[in-house]
Amino acid sequence: MEFSTSTILMILQLFLWNRSLYANGCYTSIISFGDSLADTGNIKKLASMSHAKVEYLQLPYGETFFHQPTGRASNGRLIIDFLAEILGLPLIPPFLDDKESDNVVELGQGVNYAVVSATALDTSFHEARGTINPTANVSLGVELAWFKQTLRSICSDASDCRSLIGRSLILMGEIGGTDYNNPIMQDKSIDEVESYIPLVTDTIISAINELIDMGAQTLVVPGTFPIGCSSSMLTLRGSENKEEYDNITGCLINLNKIAEYHNEVLKSKLEHLRELHPNVIIIYADYYNAAMQIIYSPIKFGFTNGVLKSCCGGEGPLNYNKFVPCGSAFSTVCDDPDAYAYWDGTHFTEAAYKIISKSLFQGQYTTPHFYSLCPTPTPTSTSQIGVGLLGSQVQR
């Protein structure tokens with residue numbers, strides 16, 4: 001059997017990096033970038049600074065696990081939270097913390113720079129095309145700038161910074177979904193939104209290259225979730241033409257093709273990056289198919305209340321109304337969020353994120369398989385001792 005050059009490189013990477021990981025005890029922290037799929041609270045501080053009203057900061061957001069809103073766009077934990085738990089790390093705090101000091105890296109847990117509604121492309125790109133971001137004007141470039149600001153406060157020199165970054169797992173989002181979702185929800189054409197895909201993926205690749213130059217050794221790069229299955233898109237971009245819907249799932253075919261195209265382009269560019277950086281582990285996380293397994297077989301995973309219907313929203317067939325968003329005064333919320341895959345019309349429930357996370361990091365939906373790179377420790381409570389960005393144990 002003959003292997004391609006890229007396959008041989010990947011096998012060599014796995015062999016060399018496995019030896020290093022097992023010797024060093026895996027990752028000492030998680031450094032995260034992204035949008036509402038990863039934000040663990042940065043939007044909370046940004047909203048307080050701008051005095052903006054953000055529904056994500058109102059109950060019932062956060063009700064299931066945290067019992068209060070935290071800035072997470074769900075009823076509970078997100079993929080990044082479950083990843084931290086899988087690795088035996090404490091939950092990763094937001095860069096813009098509510099504490100008196102913004103230097104949250106002193107907590108030794110890693111840092112999360114993701115912000116609700118963040119885009120890969122700069123805000124100016126979308127504004128020039130008439131698309132407004134109603135929640136936050138933050139891009140991947142801004143998040144990278146925050147990261148560099150953090151390093152200046154904790155590194156003694158460039159070598160120290162490289163060591164810190166090299167011992168961390170870099171989670172690159174998800175980022176890019178907002179670059180497509182906002183224009184689609186503001187009635188941009190499918191063709192126009194598809195034209196953004198090379199630019200969005202180039203921006204993600206550029207950020208990865210920059211992080212590698214700074215010392216990153218392991219990066220998880222998610223693709224985007226299916227766009228055409230959310231109740232927000234099904235409501236706002238629905239059609240009377242039945243041919244526009246998938247016969248099995250009920251999702252909008254053309255919108256899902258945007259996500260599929262983005263993911264294929266991103267995977268191709270990541271393959272090229274692996275060839276350029278054979279000593280760096282670049283893991284593609286297949287968010288799309290990890291979610292689609294739920295949408296294809298909801299009963300199998302315990303979602304019994306219509307997989308495309310939102311738990312929290314403004315009533316209607318799919319419990320979505322853009323004028324009555326989840327968290328607003330007249331919105332309704334289901335009695336059992338664990339029986340729903342979608343939380344608010346765009347984001348998944350904690351129950352769905354838990355399944356997706358296990359499928360990614362303990363299953364088959366990463367390339368190379370994440371579990372083959374890092375031995376999974378026995379799960380620990382987030383109230384116990386964790387290992388952080390500074391490589392030291394911190395009592396919570």
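**Notebook: sheet and salt bridges**

I began with one residue pair in the sheet and noted that Ser32 stands opposite Asn112 in β2. Before going further I reminded myself that I am reading a predicted model.

Turning to the helix beside these strands, I found that α11, which spans residues 253–276, packs on the sheet and touches β4 (218–222), β5 (281–285) and β8. I also looked up its orientation, and the direction of α11 makes about 170° with that of β5.

I then went back to the strands themselves. Strand β1, residues 29–33, pairs with β2 in the parallel sense, and I count three bridges for this pairing. For the wider arrangement I wrote down an open sheet of six strands with mixed pairing, in the order β2-β1-β3-β4-β5-β8. Its edge strands are β2 at 110–112 and β8 at 366–367, each of which pairs on one side only.

My next entry concerns charged side chains. I noted as background that side chains of opposite charge can pair when their charged atoms come close. Searching the whole structure, I obtained seven salt bridges, and I followed up some of them.

I looked at Arg72 and Asp81, whose side chains meet in a salt bridge with an N to O distance of 2.8 Å. When I checked the burial of this pair, both Arg72 and Asp81 came out as buried.

For Arg77 and Glu85 I recorded a salt bridge between the side chains at 3.2 Å, again N to O. Since buried means under 20% relative accessible area, I could place both partners: Arg77 is buried at 12%, and Glu85 is buried at 18%.

I then took up Lys269, which forms a salt bridge with Asp202, and here the closest N and O atoms are 2.5 Å apart. Because Lys269 lies in helix α11 and Asp202 in helix α9 (residues 197–213), this pair ties together parts that are 67 residues apart in sequence. I checked accessibility for this bridge as well, and Lys269 counts as partly exposed at 22% relative accessibility, while Asp202 is partly exposed with a relative accessible area of 42%.

Finally, I asked myself which residues are joined into one network by salt bridges that share partners. I found that Arg77, Glu85 and Glu350 are the residues linked in this way.

Terms used
Residues numbered from 1 in each chain as written. Predicted model: local features only at pLDDT ≥ 70, side-chain atom pairs only at ≥ 80, totals over all residues. Heavy atoms only, no water. Pairing = 2+ DSSP bridges. Helix = DSSP H or I, 4+ residues; strand = E, 2+ residues; numbered from the N terminus. Contact = heavy atoms within 4.5 Å. Axes fitted to C-alpha atoms, helices over the stretch in contact; angles between N-to-C directions. Salt bridge = Lys/Arg side-chain N within 4 Å of Asp/Glu carboxyl O. Buried < 20%, exposed > 50% of the residue type's maximum accessible area, 1.4 Å probe, protein only.
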